Amino acid sequence: MPKRVVDLREQHPILDIASYGRRGPGHRPLTKAEVEHVSRTARRVPEVMIKVSGGARSLRGVQAHLDYIGREGEGVIETDDGALLQEKGFEKALVKDWDLDLDEHRRHTQRAVAAGRKPPKLVHNLVFSMPKGTPPDKVYAAVRKFATEKFALQHRYAMALHTDQGHPHVHVVVKAVSEQGERLNIRKATLRELRQDFARYLRDLGVEANATERAVRGEVKPQKATSIHRAMMRGASTFWRERAQSVARELASGGLRPEPGRERLVDTRRDVVRGWNAMAQLLDEQGHRELATVVRRFLERMPPPQSERQWIAHQLQTRVRPPRPDERQRCRR
């Protein structure tokens, strides 16, 4: 079967802060879309999140994930053709309908193993989410429109809304090979445009939503893979516990060791700060003085850059530090 990378990118990033820090004289006027994006980011409008949470390489894996998002027959699954599935065992019929041929996959697997390669993914597992308080029905409607625009009549897909973890999120399972025989490869570079589209569909429904890079927002809290994050929320993450113990040992020995990526982190933040300052100046020059003030305030409140180990160290130190006198006074009351 011929393979071709399907590039989902359709436009350049709307907000490229670093470029403003390097701008020369006579910079072009900001567009309405750019001004609105700057405003959303500086006001810290809720950020959309899209995660590629893996993808099954076997029929058993596909069925297991479909069973999971369908809550073992208790939830509702919507497919690309509008069908609603809500009975135990639906995943077997869906896999058959999608023509995921196990024998063909096994043959390819044998050739791949002989060549030292992993078998190709049969499906991609995507998760679209918004913070707690966002109307679940609007999140679901935005994802439905997203899936229709990106995958309809090409890649088969199924989706399900989950609300049991405090924030609404939608699982989407997408068949990796389209009906035309083209393979869909979702790379990190494409996620920026996917997030922008998802945020735009939410705004069309009246939900404030934004899509900006973490570095541009000054985010310092580390992101973890979905499985690690879930375990961490349950307090059962071995990965997280080992990292925390390692950092604690370093702190007890006199402090954190220098990290190779620290310099790059600082350089990135320097570019971001330079870009935001240039943006504030440009907003002033083009008559958006109120927004320029908001941008400068946003920049002043941006936390210092931190590596993952520095962030963990700060969390540990915050937990063990003694209460301040004013805090002890409040406790006595």
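**Strand β4 and its surroundings**

Strand β4 is covered on both faces: V123, N125, V127 and S129 are buried on one side, and H124, L126 and F128 are buried on the other. This description rests on a predicted model. In a regular strand, side chains alternate between the two faces of the sheet. The strand spans residues 123-129, and 7 of its 7 residues are buried, so β4 is largely enclosed by the rest of the structure.

Two strands pair with β4. Strand β1, residues 49-52, pairs with β4 in the antiparallel sense over 4 bridges. Within this pairing, M49 stands opposite S129 of β4. Strand β6 also runs antiparallel to β4, and 7 bridges join these two strands. Here N125 has V173 of β6 as its bridge partner. S129 and N125, named in these two pairings, both belong to the buried side that also holds V123 and V127.

Strand β6 covers residues 169-175 and includes V170. The relative accessibility of V170 is 0%, so this residue counts as buried; the cut-off for burial is under 20%. Neighbours within four places in sequence aside, V170 is in contact with L126, V127 and F128. These three residues lie in β4 and are themselves buried. Further contacts of V170 are made with V139, Y140 and V143, and with M159, A160 and L161. V143 is 27 residues away from V170 along the chain, yet their C-alpha atoms are separated by 7.3 Å. Helix α6 runs over 136-151 and strand β5 over 157-162. The contacts V139, Y140 and V143 thus fall within the range of α6, and M159, A160 and L161 within that of β5.

Two loop residues have backbone angles of note. Most residues other than glycine have a negative phi. R44 has a positive phi, near 55°, and is not a glycine. R44 is found in the loop between α2 (32-42) and β1, the strand that pairs with β4. Its relative accessibility is 42%, so R44 counts as partly exposed. L153 likewise has a positive phi in a residue other than glycine, with a value near 65°. L153 is placed in the loop between α6 and β5. With a relative accessible area of 79%, L153 is exposed, whereas V170 is buried at 0%.

Definitions and conventions: Residues are numbered from 1 along each chain as its sequence is written. This is a predicted model: local features need pLDDT of at least 70, side-chain atom pairs count only at pLDDT 80 or more; totals for chains, interfaces and linings use all residues. Side-chain values use heavy atoms; hydrogens and water are left out. Buried means under 20% relative accessible area, exposed over 50%, partly exposed in between (1.4 Å probe, protein chains only). Contact means heavy atoms within 4.5 Å. Two strands pair if DSSP finds at least two bridges between them.
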